[in-house]
Amino acid sequence: MNLFKFSDDNKRYHTWNYYLRHRFNSKVYKVPLNAGFTCPNRDGTCGIGGCTFCNAVGSGNFTQPSSMDLLSQYYEGKKMMENKWPNSKTIAYFQSYTNTYGTLKRVKECLEPFMSLDEVVGIALGTRADCLPQTILDYLHSCSTKKEIWIELGLQSIFDTTAQRINRGHTFDVFKDAVKRIKKTNCKICVHVINGLPNENKEMMIDTIKALNELNIDAVKIHMLHITTHTKLEEEFNKEPFHILTLDEYVDIVCDQLQYLDPKIIIQRLTGDAIKEELVTPLWTLNKTVVLNEIDKKMARYNLYQGLKICKKI
């Protein structure tokens, strides 16, 4: 029997689908968009080359070309999603690169077309902690009266040694400051975490999750490290290979991470996507269903729940 508070099915963690259905009384899906931004870690402002794991499209593998206008991208993406989930609501997801790295005028131009679309219940912006000027935060706060606004921050790890290793370009202190400033608005925060980064052990990965409880964030995405073609990380891995987590190791780590995470924090994802032709390793990540099923089975087998190790009662 599943007694987890934030679940309507067999999931023993607070799923994104559970949150959206209860929040909007409908199926809701994200439509990925490419607004043509770049990144301060690519153009020389704070670094060059980007994070070592990031590919040429700024981790926007399933977006349309930025040469296509945003509404056309949206309707093209929605058309594909409608085949699976007809009559659903949507979130316009600005996925590629750093979507607050531009002028206020440019950010407004990107968001305004979606503010008047009734089926769009939210807007999500993938960005960095060092790219959130107050003028843009104030604007996003004003948008939150009409749409739910999600700011997605790439943390990956709380450890600055790891940040330097992957060329993230800012410290954990910068990240914490950004979270504090966002929390003064009505915007919601989703944090991206990567398991299996070079030189990190299980305890470090769990420590990253524990730290999120102290920051009062709203959601998290947990990914397995992907090594993909044409990235700096691929070059480094070919020169000096490091341990890549197996499926069993990843499942074990995620199940422990979930037990240390506040059950109110939404799990937007527990495994990531990579284009098959570009993925070097680990190939087991290509089958997302297997990964999620293995996590579900282990949690059910041992009667585990999100927050189990920090809450006396779920």
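# Reading a Predicted Fold

Analyst: Not counting residues up to four places away in sequence, Asp-256 touches Lys-202, Ile-206 and Lys-309. The model discussed here is a predicted one.

User: Where does Asp-256 lie, and is the residue buried or exposed?

Analyst: Asp-256 is part of helix 9. A residue is called buried when its relative accessible area is under 20%. The value for Asp-256 is 14%, and the residue therefore counts as buried.

User: How should a helix such as this one be read?

Analyst: An α-helix has 3.6 residues a turn, so residues three or four places apart point the same way. In this structure, helix 9 covers residues 247-259 and lies across strand 5, strand 6 (219-224) and strand 8. The helix runs at about 165° to strand 6.

User: In what order do the strands of the sheet stand, and in which sense do they pair?

Analyst: The general idea comes before the case. Strands of a sheet pair through backbone hydrogen bonds, either parallel or antiparallel. Here, seven strands make an open sheet with parallel pairing, and their order is 1-2-3-4-5-6-8. Strand 1 (28-33) and strand 8 (266-269) each have a single partner strand and stand at the edges, so one side of each lacks a neighbour in the sheet. From one strand to the next, the twist averages 25°.

User: How many bridges join strand 4 and strand 5?

Analyst: Strand 4 (residues 148-156) and strand 5 (residues 188-195) are joined over six bridges in the parallel sense. One bridge partnership links Leu-153 to Val-191 in strand 5. Strand 5 also pairs with strand 6 in the parallel sense, over six bridges. There, Val-191 stands opposite Val-220 in strand 6.

User: Why is strand 5 described as largely enclosed?

Analyst: Seven of its eight residues are buried, so strand 5 is largely enclosed by the rest of the structure.

User: Which helix packs on the sheet by touching strand 1, strand 2 and strand 3?

Analyst: That is helix 3 (residues 104-115), which touches strand 1, strand 2 (89-94) and strand 3 (120-127). Its direction makes about 160° with that of strand 3. Helix 1 (residues 16-24) also deserves attention. Its buried residues are Trp-16, Tyr-18, Tyr-19, Leu-20 and Phe-24. They pack against strands 1, 2, 3, 4, 5 and 8. After helix 1 comes Asn-25, which has a positive phi near 55°.

User: How may a single residue within the sheet be examined? Where is Trp-150 placed?

Analyst: One may consider its element, its accessibility and its contacts in turn. Trp-150 is placed in strand 4. Its relative accessibility is 1%, so Trp-150 counts as buried. Beyond four places in sequence, its contacts include Trp-16 and Tyr-19, as well as Cys-190 and Ile-266. The side chain of Trp-150 also makes a polar contact, at 2.8 Å, with the side chain of Glu-148. By contrast, Glu-76 is 74 residues from Trp-150 in sequence, and their C-alpha atoms are 22 Å apart.

User: Which residues touch the most other members of the largest nonpolar core?

Analyst: In soluble globular proteins, nonpolar side chains tend to be buried together. The largest nonpolar core here has 77 residues, and Phe-94, Leu-111, Phe-114, Ile-123 and Leu-212 touch the most other members. Helix 9 contributes the most to this core, giving seven residues. Another core, of 13 residues, lies apart from it; Val-28, Tyr-93, Cys-190 and Ile-266 are among its members. As for Phe-114, its contacts beyond four places in sequence include Leu-33, Leu-70, Phe-94 and Ile-123.

User: What can be said of the protein chain as a whole?

Analyst: Its secondary structure comprises ten helices and nine strands. The radius of gyration is 19 Å, close to the 20 Å that the globule rule gives for 314 residues, so the chain is as compact as a globular protein of that length. The C-alpha trace spans about 50 × 50 × 40 Å along its principal axes. Of the 314 residues, 56% are buried. Among contacts with a separation of 6 or more, 80% join residues 24 or more positions apart.

Key: Residues numbered from 1 in each chain as written. Predicted model: local features only at pLDDT ≥ 70, side-chain atom pairs only at ≥ 80, totals over all residues. Heavy atoms only, no water. Pairing = 2+ DSSP bridges. Helix = DSSP H or I, 4+ residues; strand = E, 2+ residues; numbered from the N terminus. Axes fitted to C-alpha atoms, helices over the stretch in contact; angles between N-to-C directions. Contact = heavy atoms within 4.5 Å. Buried < 20%, exposed > 50% of the residue type's maximum accessible area, 1.4 Å probe, protein only. Polar contact = N/O pair within 3.5 Å; in protein donor to acceptor, adjacent residues only side chain to side chain. Core = buried A, V, L, I, M, F, W, Y, C linked by side-chain atoms within 4.5 Å. Rg over C-alpha atoms; globule rule 2.2 N^0.38 Å.
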